[in-house]
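Student: Could we go through this assembly together? I would like to begin with how a chain is divided up.

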There are 4 protein chains.
Amino acid sequence: MSAQQAQKQPRTAPKEVRQQQLIDATINVLAEKSISGTTMADVTGHAGLSMGIVSLHFKSKDNLLTSSLRHLAMELRDAWLVIFRDPTLTVPQKLMGIATASFDPEICSPKKIAVWFAFFGEARYRKVYREMAEEFDDERSDALEELCTALIEEGGYTDVRAEDLATTMECLCDGMWLNMILYPEWITPDYAEAQMTNLLVRHFPKHFDAPRHLPKPCGPT
Amino acid sequence: MSAQQAQKQPRTAPKEVRQQQLIDATINVLAEKSISGTTMADVTGHAGLSMGIVSLHFKSKDNLLTSSLRHLAMELRDAWLVIFRDPTLTVPQKLMGIATASFDPEICSPKKIAVWFAFFGEARYRKVYREMAEEFDDERSDALEELCTALIEEGGYTDVRAEDLATTMECLCDGMWLNMILYPEWITPDYAEAQMTNLLVRHFPKHFDAPRHLPKPCGPT
Amino acid sequence: MSAQQAQKQPRTAPKEVRQQQLIDATINVLAEKSISGTTMADVTGHAGLSMGIVSLHFKSKDNLLTSSLRHLAMELRDAWLVIFRDPTLTVPQKLMGIATASFDPEICSPKKIAVWFAFFGEARYRKVYREMAEEFDDERSDALEELCTALIEEGGYTDVRAEDLATTMECLCDGMWLNMILYPEWITPDYAEAQMTNLLVRHFPKHFDAPRHLPKPCGPT
Amino acid sequence: MSAQQAQKQPRTAPKEVRQQQLIDATINVLAEKSISGTTMADVTGHAGLSMGIVSLHFKSKDNLLTSSLRHLAMELRDAWLVIFRDPTLTVPQKLMGIATASFDPEICSPKKIAVWFAFFGEARYRKVYREMAEEFDDERSDALEELCTALIEEGGYTDVRAEDLATTMECLCDGMWLNMILYPEWITPDYAEAQMTNLLVRHFPKHFDAPRHLPKPCGPT
DNA sequence: CATGAATGAGTCTTCATTCAT
DNA sequence: AATGAATGAAGACTCATTCAT
């Protein structure tokens, strides 16, 4: 929400609204200026509010950043968890769903990926992230491994190790995120999804169809 | 080189020596404090030199950072290029060599990966990186694709697309780098190399042996 | 009154009650944090009221502080004036009474002395104090001098000058206040009273008995 | 030194000179604005230097204030210690010298007294003062007591307790300091010295001559 | 009368850069 | 070529005061 739009907002608002408003503004500014370049004046200006509002609602810049990171982490967790727990989905559907959840436009807009890497670029926030997300990351690893194991048994795949494949899926996913901001013309969300599908087809040919082969847009330029 | 050692050094030194000394110090400090937390006083203090030396040799902080990034990029490029151009190596050896070059201790120490992601965390330096390295990154992509194509033809692999596999290799590599600093107990250099081998075995079973399956240390914790 | 107790109080209260409540809170907070460290949020929080209440009743922080100083000054003036005007007391009783009134626990609790010196520490409030209290201070000086003069005539003391003794009494009193907060183990209220008695005994031996000689607690440590 | 004069000073100066320059400026500004009102910009502006210089030489505002307090405390200590240790002085001369050292124009200018009370007005700096000066204050108490004891024995004074008189001297001194800034027309340095002499004459009539009786200037107005 | 969210001017502090030596 | 004292712009944070409810 821009400052212009914000001028029409009421002078006071519930705590939750203001906090979310500030977190949204923070993510927007972070994407552009990263952590070192993001000032509280930038954030509050973007939200159409006054400078003191951050201290009022978040006590400090660090806490605002941490809260914003938590917001992103929760959003991502919810995205795959809702798939994993959906009783109407089959195992292959769940596996594919989790694999591609990271590339949902809501989750992996260029803006949000930039913010993720802004945080990963600072040792301090890597630690913060680990402390807040270690449990969820474990859960996701376990979920992927569990689903892979189920498929391996079902399909009698003797050459696939669930553990290794789960790791490959997660790391490939992260690597494509990185290249999405480095070379957005090379790795697009659609291409990333096709790559994930590719990986699953190659390991579980009895369960997955060949992906559409997207023309690689233009190399890592 | 620590400040203590540095005190014994002569008061003057050739341009190149001083510049490399400062770049080394920069990489060391960046790994710990990232970009926003790295001050010129940190860098010069770590190098055992005076504050004014940065302006003398690099004109500005930004230029010192850019030079440091270039140093890392060149180091990485040299690592895979020397393999690619080595006439004594076979195609599979080259492919494996390039795939695992990123995990050479000299290239991917925890310190250096942290610095890479410190730069990737800032939009400004992603742009700088692209401008200085997109040529090399293209070259590497082309090299990988060329090697894959050679193997596909040689082995008659009909289900492998060179382009996609090259992309997978690069992204998987980057994703493991990220998880190496996020969860160093999970992804170790040895495990990363095994994962890369795994990928090649699965695509080119006639050319690569099964990798040693390292026990996955402890999940993404 | 603590915030907890205050929560039970009715939402509205007469002007005078609220004002006194705020002055009490101000004195309590000032004692601990002095003027620079006392915020309106501290004061209203201590009183269990909302932030806006200060503006409502006192218009500004400065006015609240000035009112608090006046409250202290009036309290002190009342303490000695009631003695001076008490028709049942003899001259020596009055002199002794005024001399020791400053050390009455109600007047000179550690908290209140700290507040006095908080105000004396600021040129601005020294000026305010002078404007509001110089009349009373003059009156007290005159009262002491008058009482001393009476005793001098009565006892035929030829070596005492009423004016100088009155000054000595007042300054000694102030100096003991200061040392009470600097070194509370050294100067206690009891010791201070004994010192004042000592002074009177030495100047008016025919009218005052020897004081109890309190063991000096432990030096200015 | 004013900003105008300061403009002619060299751009760099030895550490000690700059630090003393800043402490002098601090004392000047503190006298006028007290602690809450003194900004680093005030201090550096008064010294004719730039804002960053405080952090460079004193790390923080608090440390600059503490250093300034220490400077005052040392100055006062030196003033009486040099008298106490002067082998050419007699015991009465030393006693009188210490008693009146506090009123030396160099020590008790209106400016410096104001600064003393600015510090005494804050609990934080009372603690700091105690920690830095407790030893010296003890020494001075001991010195006064020792000198009084010597006179008592020499003169056969049976009605004087060295301990109590030393305390009276110190507190009277402090009280006159306070009234010097509250009512400078009432208590002048000369009058304060006369008061101290008075006290000594009354206790040790065989050793001290009657003081000149200064006309009390104008009451506590 | 009373509330407390919001404001924004003011302060301390940091730090890249400059410059006299 | 090298030093490091000095600069001053910029940022995070504080807090007296305002105002819509």
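Tutor: A word on terms comes first: domain bounds are those of an automatic or database domain assignment. The model itself is predicted. On that basis chain A is divided into domain 1, residues 1-59, and domain 2, residues 68-221.

Student: How many residues of domain 1 of chain A are in contact with domain 2 of chain A?

Tutor: Eight residues of domain 1 of chain A are in contact with eight residues of domain 2 of chain A. The domain 1 side of that contact has five nonpolar residues, three polar and no charged.

Student: What is the average pLDDT of chain A?

Tutor: The average pLDDT of chain A is 91, and 90% of the residues score at least 70. Among the elements of chain A, helix α7 (residues 110-120) has the highest mean, 98, and helix α1 (residues 3-6) the lowest, 40.

Student: And where in chain A does pLDDT stay under 50?

Tutor: Over residues 1-8 of chain A. For that stretch the model has seven contacts beyond four places in sequence.

Student: Changing topic to the chain pairs: how many residues does the contact take from chain B and from chain A?

Tutor: Chain B and chain A give 40 residues each. On the side of chain B that touches chain A, the elements giving two or more residues are α2 (15-37), α7 (110-120), α8 (123-155), α9 (162-182) and α10 (189-203) of chain B.

Student: Which of them gives the most?

Tutor: α9(B) does, with 14 residues. By class, the chain B side divides into 14 nonpolar, 13 polar and 13 charged residues.

Student: What rotation superposes chain B on chain A?

Tutor: A rotation of 180°, with 0.0 Å of shift along its axis, superposes chain B on chain A at an RMSD of 0.1 Å. The two copies are thus related as by a two-fold rotation axis. In addition, 100% of the interface residues of chain B are also interface residues in chain A, so the copies meet through the same surface.

Student: Now the other pair. How many residues of chain C are in contact with chain D?

Tutor: 40 residues of chain C are in contact with 40 residues of chain D. The side of chain C that touches chain D draws two or more residues from each of α2 (15-37), α7 (110-120), α8 (123-155), α9 (162-182) and α10 (189-203) of chain C. The largest share, 14 residues, comes from α9(C). The residues on this side of chain C are 14 nonpolar, 13 polar and 13 charged.

Student: What turn lays chain C on chain D?

Tutor: A turn of 180° and a shift of 0.0 Å along the axis, with an RMSD of 0.1 Å. The same surface serves both copies, as 100% of the contact residues of chain C recur in chain D.

Student: How far apart are the nearest C-alpha atoms of chain A and chain C?

Tutor: They are 13 Å apart, and chain A and chain C do not touch. Chain B and chain D are likewise joined by no contact, and their closest C-alpha atoms lie 13 Å apart.

Student: On to the DNA. Which residues are closest to strand E?

Tutor: Of the 41 residues that surround DNA strand E, the closest are A:S50, A:G52, C:S50, C:G52 and D:T39. Elements that each supply at least two residues of the surface near strand E include α4 (53-58) of chain A, α3 (40-47) of chain B, and α3 (40-47) and α5 (61-84) of chain D. That surface divides into 18 nonpolar, 14 polar and nine charged residues.

Student: And which are closest to strand F?

Tutor: A:T39, B:S50, B:G52, D:S50 and D:G52 are the closest of the 40 residues around DNA strand F. Among the elements that each supply at least two residues there are α3 (40-47) and α5 (61-84) of chain A and α4 (53-58) of chain D. The surface near strand F has 17 nonpolar, 14 polar and nine charged residues.

Student: One backbone matter: what is the phi of B:K59?

Tutor: B:K59 is not a glycine, yet its phi is positive, about 70°. Most residues other than glycine have a negative phi. B:K59 is placed in the loop between α4 and α5 (61-84) of chain B.

Student: Is B:K59 buried or exposed?

Tutor: B:K59 is exposed, with 10 other C-beta atoms within 10 Å. C:S34, also not a glycine, has a positive phi near 60°. C:S34 lies in helix α2 of chain C and counts as buried, with 25 C-beta neighbours inside 10 Å.

Notes
Residues numbered from 1 in each chain as written. Chains lettered and ligands numbered in written order. Predicted model: local features only at pLDDT ≥ 70, side-chain atom pairs only at ≥ 80, totals over all residues. Contact = placed C-beta atoms within 7 Å. Helix = DSSP H or I, 4+ residues; strand = E, 2+ residues; numbered from the N terminus. Nonpolar A, V, L, I, M, F, W, Y, C, P; charged D, E, K, R; others polar. Least-squares fit on C-alpha atoms with pLDDT ≥ 70 in both. Near = placed C-beta within 6 Å. pLDDT = per-residue confidence, 0-100. Buried ≥ 20, exposed ≤ 12 C-beta atoms within 10 Å, placed from the backbone.
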